[in-house]
Amino acid sequence: MNSPAANFDELDLFVWEGKADILDRIARCMASFDVEVIRADGMPPPHQEQGAALRPSVAIISVTVIDGGGLAHATELLQGMPVIWVAAGSRERDSRTYPPEYLHVLPYDFTCAELRTMVAKLVRQLRAREVAPQPPDVLVAHSDAMKALLAEVNAFADCDHSVLVRGETGVGKERIAQQLHMGHQRYGKGAFVAVNCGAIPDGLFESLFFGHTKGSFTGAVHAHRGYFEQATGGTLFLDEIGDLPRYQQVKLLRVLEDNAVTRLGATAPVRVDFRLVAATNRNLREMVASGEFRADLFYRLAVIELHVPSLEERGEIDKIAIFKALLSNVLGDELEALGETPHWLSDAVAETYFPGNVRQLRNLAERVGVIARQLHSWDQNLIQRAIALTRGTPAPAASAGGNGLNGSSGGLGAIDGSADRKGWNSSERNRIIAALEINDWKRQDTAQHLGISRKVLWEKMRKYQILDGEPGIPEEQ
């Protein structure tokens, strides 16, 4: 287990001791660490030079400050600091009289170990919060569809209204929610709280979303701030909102109407203020029509609607660009030694249909990256086998020329096999015709069956002169 001291790097502790005598004890407990203990009673708010980074700071406040009327002054100085309350000497003070957002309480006769452990915990949370809102990589947007989406994101990021983000599974709806969060002048400075509505266990909705007080039910050994309170001052992202049961939809709507929540076991409501972004891969309008989703909640969520295009809608230009960016993340500095991504690999990525969207493309980039790193080369046979597995087709046998991917069924290879006198790959042409017949000549279904895009299918039909319904020269559509 890591020592708490590992978290005490250039740390400020602001202490409001009120009628209690805790400042000297805190200073003695932290004397051997790089910690500055600052008496905050009566001091002006901490000053920060323009552009200077704030040191990690934790507030320690005696509950006697409440009796002395100093809470308002302490609140003015807090400026987002996490707070530890030190209980009154009598230990009889009811913790429910503390401000509800301050959950960390030490006994009056706290030990140094108790103090250090609690401070270390809050410092870890502070540092995690500093890096959490940043997306892992830059959004790729070369296609017209993605450029149009990002233009809408930029236009609506700095407004307070709710946003509904629609799109297929794996297209990156949470990434768009993060962009909306970071683009807001006020909420972008707060927390980004992401919740998967489809993963909320039965019976825990109220506790997780609304929070609970200590002792409110069996096992509630500590008070808990729910998701609504955690997101106050920031953005609450509700993913898979279409999976929220109707009885929970009612409770969410009430919070959006009242801007207040009441924890389980509490009587007084707590004000909440957050920007809501919801996401779904389901058709909420159809769910409203069928009675599965409340119309009043839908209209509260969908003040602004954004559609995230799938990889097929974004086209080959984004597929290749995203793949190269992901591959660069996997290989890092090793990419330079390997040289430029080969054209046959880019072509294979462009022709592959990814029903799992960016998630599936990321998986392929990781597979290819591992192969290239371990073999120190772009091994065409092994990489094409990995692509075949991504398409869900049998792994191809190696050919004499190392160009593979001429399996007898399923996906089409990036490189054609032997050609007849017309320059055609007869086996590939026959597989396309067979796939078209199996799928009633529906091009989108056939493209998915073959593991290629609809555009690539159309180009191959033109190449092999396959007319809808029979071989021939297809007409332009």
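**Arg314 and the helices H13, H16 and H17**

Me: Is Arg314 buried or exposed in this model?
Reply: Arg314 counts as buried, because its relative accessibility is 6%, and buried means under 20%. Please note that the model is predicted.

Me: Where is Arg314 found?
Reply: Arg314 belongs to helix H12, which covers residues 311-314.

Me: Which residues is Arg314 in contact with, leaving aside neighbours within four places in sequence?
Reply: Arg314 is in contact with Val140, Ser143, Met146, Pro309, Ile322 and Val358. Two of these residues appear again in a helix pair: Ile322 lies in H13 and Val358 in H16, and both take part in the meeting of those helices.

Me: How do H13 and H16 cross, then?
Reply: Helix H13 (residues 316-331) and helix H16 (residues 357-375) have axes that come within 8 Å and cross at roughly 50 degrees. That angle makes H13 oblique to H16. The crossing in which H13 passes H16 is right-handed.

Me: Which residues of H13 and H16 meet?
Reply: From H13 there are Lys319, Ile322, Phe323, Leu326, Leu327, Val330 and Leu331. They meet Val358, Leu361, Arg362, Leu364, Ala365, Glu366, Val368, Gly369 and Arg373 of H16. The residues of this contact divide into 11 nonpolar, 1 polar and 4 charged.

Me: What about H16 and H17, and at what angle do they pack?
Reply: H16 and helix H17 (residues 380-391) pack at an angle of about 160 degrees, and their axes are 10 Å apart. H16 is therefore roughly antiparallel to H17. Their crossing is right-handed.

Me: Which residues meet there?
Reply: Gln360, Leu364, Arg367, Val368, Ile371 and Leu375 of H16 meet Leu382, Ile383, Ala386, Ile387, Leu389 and Thr390 of H17. This contact divides into 9 nonpolar, 2 polar and 1 charged residues. Leu364 and Val368 of H16 are also listed in the contact with H13.

Me: Changing topic to the whole protein: how many helices and strands are there?
Reply: The protein has 20 helices and 16 strands.

Me: And how much of the protein is buried?
Reply: Buried residues account for 45% of the 477 residues.

Me: What area does the protein expose?
Reply: The exposed area is about 23800 Å², and carbon and sulfur atoms supply 50% of it.

Me: Last one: what share of contacts between residues at least 6 apart in sequence joins residues at least 24 apart?
Reply: That share is 66% in this protein.

Conventions: Residues numbered from 1 in each chain as written. Predicted model: local features only at pLDDT ≥ 70, side-chain atom pairs only at ≥ 80, totals over all residues. Heavy atoms only, no water. Helix = DSSP H or I, 4+ residues; strand = E, 2+ residues; numbered from the N terminus. Buried < 20%, exposed > 50% of the residue type's maximum accessible area, 1.4 Å probe, protein only. Contact = heavy atoms within 4.5 Å. Areas by Shrake-Rupley, 256 points an atom, 1.4 Å probe, with all protein chains shown as cover. Axes fitted to C-alpha atoms, helices over the stretch in contact; angles between N-to-C directions. Parallel < 35°, antiparallel > 145°, perpendicular 65-115°, else oblique. Left-handed = near helix turned anticlockwise from the far one by under 90°. Nonpolar A, V, L, I, M, F, W, Y, C, P; charged D, E, K, R; others polar.
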